[in-house]
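Today I went looking for pockets. I wanted to know how big they are and what lines them.

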Amino acid sequence: MQCSRCSSELSRPGEYCLVCHTANADGVVLDITRERVELTAIREQEALGTTTVTTHPEEGEREVVELRNFAGLVADELQRRRPEAVYAAGDRQVLDEIRSQVHFPFFRVDADDPVGSALASRGEPELEVVDLPLERKIGGSHSTLIGGRSGLRVIETVAEHPHVKKVIPGPIDAGGSGSRSGLRAKVTRAGADGNLRLLVRDGSSVQENRVVTTAPDRETGERIREDVNEVLDEEGLRE
C-alpha cells in the first residue's frame with residue numbers, strides 16, 4: 001500500500017506515513033480472540049487491509065506476562081496507524097489489556113461482523129469515553145450492595161464500560177418472590193435521557209441501581225444497554 005499523499009510505500013495497510021506525516025487510516029477494527037487479533041484499517045467507508053497478530057496462550061504465572069506481551073504487539077500495530085478511533089469485538093480480557101496500553105477512544109461493535117458493524121456505525125455520533133478509576137464511577141447514598149462480593153463484581157463490571165459515567169446503588173428490596181438461586185443481573189431498557197437501570201437479584205432480594213451513561217438519548221442508550229448485557233453474559237452474571 002502507498003501513502004495517500006506522497007505515494008511512499010507503507011509496510012502495513014493504513015500505516016501512518018513518517019515521510020510526509022500523513023494518517024492513512026482514520027480507524028482500526030479489532031476482531032479479538034485469546035489466540036489472535038485481526039486488525040483492519042479503515043478510512044471513511046473503506047476497509048484498507050488486515051494485519052494479524054497471534055500468540056500461544058500460557059497458563060499459570062506465565063499467562064500474565066504472555067498476555068501483556070500479546071496486547072503490547074497489538075498496541076504497537078495501533079500506534080503504527082495512529083487512528084482517531086478503535087472499534088473492537090471479542091475477548092474482553094485481551095481487549096482490556098490492549099486498552100491499558102494505548103490511549104485511543106474505543107468503541108464496541110457487533111462480534112458477528114466487526115468490520116461491517118464499524119463501517120455502519122461511522123455515521124452515528126461517537127460517544128464520550130469515560131476514563132476514570134472504578135472507585136470514582138461507583139457511588140451514591142446507599143453503600144450496601146446485594147450479594148456481597150458477587151454483587152460488587154456486577155457493579156464493577158458495569159462501571160468498567162467506557163460509556164458509563166457512574167453506577168449509583170439503590171435500596172435493597174427483600175420482599176420479592178424469586179426462587180432462582182445465585183446472583184443474577186440485567187440492564188433494562190434505556191430512558192429518554194440515555195441512562196439505564198441495573199437490576200441485581202439474589203434469591204428473593206433485588207437491588208435497582210441507576211447507571212448514568214454518556215448517551216444523549218434512548219436510542220443511543222440502547223446501544224450501551226446491549227453491550228453491557230453482553231458483558232454480563234460473558235462474565236456469567238446475566239439474568
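I started with the largest pocket, whose volume comes to about 540 Å³. I then listed its lining, which has 26 residues. Closest to the pocket centre are Arg99, Val130, Asp131, Glu160 and Pro162. I noted that this is a predicted model.

Next I asked which elements supply at least two residues each to this lining. I found helix 2 (92-99), strand 5 (106-108), helix 4 (134-137) and helix 5 (148-159). Helix 2 gives the largest share, with four residues.

I sorted the lining of the largest pocket by class. I counted 15 nonpolar residues, seven charged and four polar.

Then I moved to the second largest pocket. I got a volume of about 440 Å³ for this one. Its lining has 18 residues, and those closest to the centre are Arg108, Val109, Asp110, Ser117 and Arg223.

Where does the lining of the second largest pocket come from, taking elements that supply at least two residues each? I wrote down strand 5, helix 3 (114-121) and helix 6 (218-234). The largest share is from helix 6, which supplies five residues.

I checked the classes here too. The second largest pocket is lined by eight charged, six nonpolar and four polar residues.

One last entry, on strand 5. I have this strand down as a supplier of at least two lining residues to the largest pocket, and strand 5 also supplies at least two to the second largest pocket.

Note on methods:
Residues are numbered from 1 along each chain as its sequence is written. This is a predicted model: local features need pLDDT of at least 70, side-chain atom pairs count only at pLDDT 80 or more; totals for chains, interfaces and linings use all residues. Side-chain values use heavy atoms; hydrogens and water are left out. On a 1 Å grid over the protein atoms alone, a cavity is a set of points where a 1.4 Å probe fits but cannot get out, and a pocket is an open set with protein on both sides within 12 Å along at least five of seven lines; lining residues have an atom within 4 Å of a point. Grid points are joined across faces, edges and corners, and a volume is the space filled by probe spheres set on the points. Ala, Val, Leu, Ile, Met, Phe, Trp, Tyr, Cys and Pro count as nonpolar, Asp, Glu, Lys and Arg as charged, and the others, Gly among them, as polar.
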